[in-house]
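Student: I am new to this structure and would like a close look at a single part of it, the salt bridges. Could you take me through them slowly?

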Amino acid sequence: MAPAAEKTAAPKSKSRTKSAGDGSALVIVESPTKAKTIRKFLPKNFIVEASVGHVRDLPQSAADIPKDVKDEEWAKIGVNVDKDFEPLYVIPKGKFKVISDLRAKLKNVDMLYLATDEDREGESISAHLIELLKPKVPVKRMVFHEITKAAIEHALTDTREIDQNLVSAQETRRVLDRLVGYTVSPLIWKKIAFGLSAGRVQSSALRMIVDRERERIAFRRAKYWDLQATVAEKGAKDPAKEAFDAKLHSVKGQRIATSKDFDETTGKLLEGKEVLLLDGKESAALLERVKKGEWKVIGIEERPVSSKPSPPFITSTLQQEGNRKLGLSSRETMRLAQQLYEEGLITYMRTDSPTLSTQAVAAAREAVKELYGEKYLPSEPRSYASKDKQAQEAHEAVRPAGSEFTHPDKTGLTGKARDLYELIWMRTVACQMVDAQKKSVTVKIEASDAVFNASGSTITFPGYLRAYVEGSDDPGAALADKETILPPLKQGDVLKLVGVESLEHETQPPARFTEASIVRELEKAGIGRPSTYASIISTLIDRDYVRKNGNALVPSFTGIAVTQLLVKHFNHLVDAKFTSEMERSLDDIAEGKKERLPYLRSFYLGKEGLKAQVAARDKGIDPGESRTLDLPHLTGVDVKIGRYGAYVIQPGQKGAEEVHASIPEDIAPADLTPDKIAEIIEISAQGPKPIGEDPKTKQPIFCLTGRFGPYVQLGPTPELTPEQAKETDKKKIKAMMAELPKPRRASVPKGVDPRAVTIEQALKWLSLPRELGLHPETKTPILANNGRFGPYVQHGTDYRSLKKEDDVYTVSFDRAMELLNTPKQGRASSKVLKELGPHPEDQKPIQLLEGKFGPYVKHKSTSASLPKEQSPDSLTVDQAIELLKARKAMGKKRR
């Protein structure tokens, strides 16, 4: 840790401790959930408390900077560059009470155990705790990669000192991120727009996504034709059911062109490709020839194929499969994995090593033997190692915890948490199973002067596929999908043509990255580490540099502008190789192979350091050029970045003024075609021209386009008075704008051409929210409206989603009341067992539910668990009321 964190040295503890539990002790972990799980494995005189994450950090705003250094220029960055890059650490808001409570508890114990996670972040938290708590009792660092009884008992007897190399690496990463962000971001504010930022790792990841979008922009479609036939054995009883597909392979001995034969940037065949490119006319002629010809088998090729199971999960592959199979974002995957780890169900989830311990291998092999039998078990255990030289092999893969793996059905988990655990369980078990054996068959069929290929495959032994099929949720169903069975054929067999058609194809642009594929690309390029993948993606999305369209990651126009500036003026900062080398340097610091100070000085203060580069290039960067996007597929217009997002400028023609028009945010840069530009400009050029009049208010209705797409508006947009418009103070202007009345607006649904919107459509969209009537008890309105998650009805703060059969524009008051009177589902993992009856105070229902931790009763927002001796079947309303009354009397205390 930097000098700022070395003022108070921790009491020395022995490197290896052989006994624990003789006296009282305080054990500190990061989270309350982890504390709850670990507590049951420790002696009774051990107190377990949570730091709730980091207890010190660099200041997040000017308000966090201490008064004694507030006037120092370096304090704005939070790093004193001139004093050996000393970080300015402050205690975040809300953590003072945590530290105070920990200090109080530390006074009454004989030992302090720091049990934070075993990675750099965990090591840093432990180091900061020592700095703040200044313990006078012995301090021991205990680490474990799973929260089981055996692991915790072993950790207590095998403690160590804090690894200062890990602490130094974490601090160096934090300082690097702050230096890059606080040095480059102000430049981007001046040159593009205020509030934008650059990041050491996020900018390299953004460049990957932007480069892929530029590949799509440069892409040129190509068309090609082929034939698809359906054939069956000559004597088939039911040719339609027994038929199989065959695809055109060659004509007169020359292979037919497919999508891989074209140049993506020209749409033409790649140079040197000796293939036949069919057009529609030639394809139609060939179709007629093969219809008249005899279909005959001229060759059969059979070959055995085997496939090995995938290695156990590491962080990156877990995030990829979580996204592919479960539709989880990287952030959601890691949040659920953290929960599973802290509940003692899986090992530590931030790892880059696929290695399994001897105990884990034995547990996996035992599960295979018990569930699938001896024939699915290889004679020798499988071992796995990382291909990455930087991987920390001392760590273990993400796997079920313990020496016996808990079956998913016995965990008590529900929802996505169960799905993710099952994914980890299946992958770990499958990695210790035998190979899958398949037979691949290719049949060549001649018809006229053409040759067709029919491919089939059968699984001769499923092996590991019985437990896990990558990219599939149901291994059993996936096995069937992986088989394409052809009838028994031999050379010379004449087949019956069931049908044949000519098909037109278009080449497709490179696919945009998904969260799964960008994580794979980041890992491949050596950018980021297991603990950072999720935060990289979420940062890009949170800062509106990238948005999600389905699963695809689409760069915003602002994201392209930032990348464009960095590539042109600071290319090394967004170069994958440079960023990867930085990660390797941090790894070397963590391993004690490199000193932090020389590295930081070289990076920031050297002749080619970041500080000198930004200062030298500042004046040479033209703001107007930086705000103009280089989009070669658009000519005659400029696309720029402004205060409110992207907009297009069309120069005026024949003395006319130039036209400015906002570009809706839901249009991807590669999808901004000249036709789409013309549509946007046409709507903007017309100005606020009303499409009709509201019969009730007699106000005009407009169809306009804004940053969030086209919308209809009732009445003109309010403007400042001429006197107010003279104001120059931005804060006052903002306040005056906020006071202007907001006209009623409604989005134009996707798929509707804004130029063709009718007054009837506009009135329908503007009718929301609809007031359906007054609630009989509260006399407040019942509303129907569209929201972020679909249509709903509302009574005060009580919401219910409409069902598929309901229409938000026609739903009645009675139907709304029916929905509002339907009790909301209990806890996410709860199942309603029965309604016990109404509560005597308000007649609201009392429910009996089955939850994750057993049966409980619920009335409105109050829940109470049933005592162990109470049978749910014999529970009465009166007993439930007593339980609820007792629970309510406890206030916010824990049950």
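Tutor: What follows looks at salt bridges and at how the residues in them are placed. This is a predicted model, in which local features need pLDDT of at least 70 and side-chain atom pairs count only at pLDDT 80 or more, while totals for chains, interfaces and linings use all residues. Residues are numbered from 1 along each chain as its sequence is written, and side-chain values use heavy atoms, with hydrogens and water left out.

Side chains of opposite charge can pair when their charged atoms come close. A salt bridge here is a side-chain nitrogen of Lys or Arg within 4 Å of a carboxyl oxygen of Asp or Glu, and by this rule the count comes to 45 salt bridges.

One of them joins Asp435 to Lys308, with 3.5 Å from N to O. These two residues are 127 residues apart and link distant parts of the chain, since Asp435 sits in the loop between helix H12 (415-430) and strand S11 (436-447), and Lys308 in the loop between strand S10 (295-307) and helix H9 (315-326). Helices (H or I, at least four residues) and strands (E, at least two) are DSSP runs, numbered from the N terminus. Asp435 is buried, at 16% relative accessibility, whereas Lys308 is exposed at 59%; buried means under 20% relative accessible area, exposed over 50%, and partly exposed in between (1.4 Å probe, protein chains only).

Within helix H12, Glu422 and Arg418 lie four residues apart, about one turn of the helix, and their side chains meet in a salt bridge of 3.2 Å, N to O. Glu422 is partly exposed at 25%, and Arg418 is buried at 18%.
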